[in-house]
Amino acid sequence: MRRENIRLRALARSGDVDARLKLGGFYLEGTTDFPRNIKLALEYLSSPAKVYKKETALIICKHLCIIEIIENFQIESLRIAAMFGNEARIKLLSLLIVKNNQEEIKSLVNKDDSILCKRIRMLFSEFRQVEYKLILNEIAISYNIPVMEIVAIEARSALMEGNYKKAEEIISLVSQSSQNIPDSIYDIVTKILTAAEERSYEIRKIDPSLIESSLNHSAEKK
């Protein structure tokens, strides 16, 4: 380990806020002297977050993908970072669309001049139905964000709560033409279908072709 990095780690361990901010960033990014370690990075960044809220949030959201942000409970950091950076705004936008948080979506797109956000603003201003399914697909293609993984996480969470209607609503964002559909989506659809049959309610919002693919996927696993 280089001498300056030995000194940096010593300062960080002694509680120096600036050193902890820098070292936390190194651990998030992963360097020769500091291999990537998200848990350790977030521990180092916990105290700088109280002093350098903006800087800490931007570092976290630069080096964590949206799935890692969700899994490590850094949504508030994402919201802070989204106030200052387009990359974080797009990550947050993808999550808000899946959560169907209309008011926060409107607020967010009004702060961004990207082509995507301008188009969403136009749809809202013209009182047209916003086709979130298409927007998510565009985000996946243009920004390389794993939106289907976000859908899977949120739908799985709804299933764990026993809220099958909410899970159906979330899965309705998926079509057979969606980019990179993970196997977990097909498994979730199968569980929703089973619950619908047991509770005698009709599935209205899930793409029929996705239902067919999910049933085929389930049959192939047996």
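Helices do the work of building this protein: there are 15 of them and zero strands. Keep in mind that what you're looking at is a predicted model. Along its principal axes, the C-alpha trace spans about 65 × 50 × 30 Å. Of the 222 residues, 47% are buried. If you take the contacts with a separation of 6 or more, 56% of them join residues that sit 24 or more positions apart.

Now for the outside. The accessible surface comes to about 12,300 Å², and carbon and sulfur atoms own 49% of that. There are 33 positive and 31 negative charges, and the mean positions of the two sets are 6 Å apart.

Let's zoom in on helix H13, which runs over residues 164–171. Its buried residues are Ala-167, Glu-168, Ile-170 and Ile-171. They lie on the same side of H13, because they cover an arc of only 160 degrees around the axis. A bit of helix geometry is handy here: an α-helix has 3.6 residues a turn, so residues three or four places apart point the same way. And what do the buried residues of H13 pack against? The partners are helix H8 (86–99), helix H12 (147–160), helix H14 (183–199) and helix H15 (208–221).

One residue to look at in helix H12 is Glu-154. Is Glu-154 buried or exposed? Glu-154 counts as buried, because its relative accessibility is 13%, and the cut-off for buried is under 20%. Leaving aside neighbours within four places in sequence, Glu-154 is in contact with Leu-95, Val-98, Lys-99 and Ile-170. You've met Ile-170 already, as one of the buried residues of H13.

For a contrast, hop over to Phe-73, in the loop between helix H6 (66–71) and helix H7 (75–82). This residue counts as exposed, because its relative accessibility is 74% and exposed means over 50%. From Phe-73 to Asn-100 you travel 27 residues in sequence and 19 Å in space, C-alpha to C-alpha.

Last stop: the aromatic rings. The structure holds three aromatic pairs. In one of them, Phe-26 and Phe-34 are stacked, at 5.9 Å centre to centre with 10 degrees between the planes. Phe-34 also pairs with Tyr-27, this time edge-to-face, at 5.3 Å centre to centre and 65 degrees between the planes. Phe-34 is buried, with a relative accessible area of 0%, and Tyr-27 is buried too, whereas Phe-26 counts as partly exposed at 23%. Add Tyr-44, and Phe-26, Tyr-27, Phe-34 and Tyr-44 form one aromatic cluster.

Key
Residues numbered from 1 in each chain as written. Predicted model: local features only at pLDDT ≥ 70, side-chain atom pairs only at ≥ 80, totals over all residues. Heavy atoms only, no water. Helix = DSSP H or I, 4+ residues; strand = E, 2+ residues; numbered from the N terminus. Buried < 20%, exposed > 50% of the residue type's maximum accessible area, 1.4 Å probe, protein only. Contact = heavy atoms within 4.5 Å. Areas by Shrake-Rupley, 256 points an atom, 1.4 Å probe, with all protein chains shown as cover. Lys, Arg positive; Asp, Glu negative; His and termini not counted. Charge placed at Lys NZ, Arg CZ, Asp CG, Glu CD. Arc of directions from axis to C-beta. Phe/Tyr/Trp six-rings, centres within 6.5 Å; stacked < 30°, edge-to-face > 60°.
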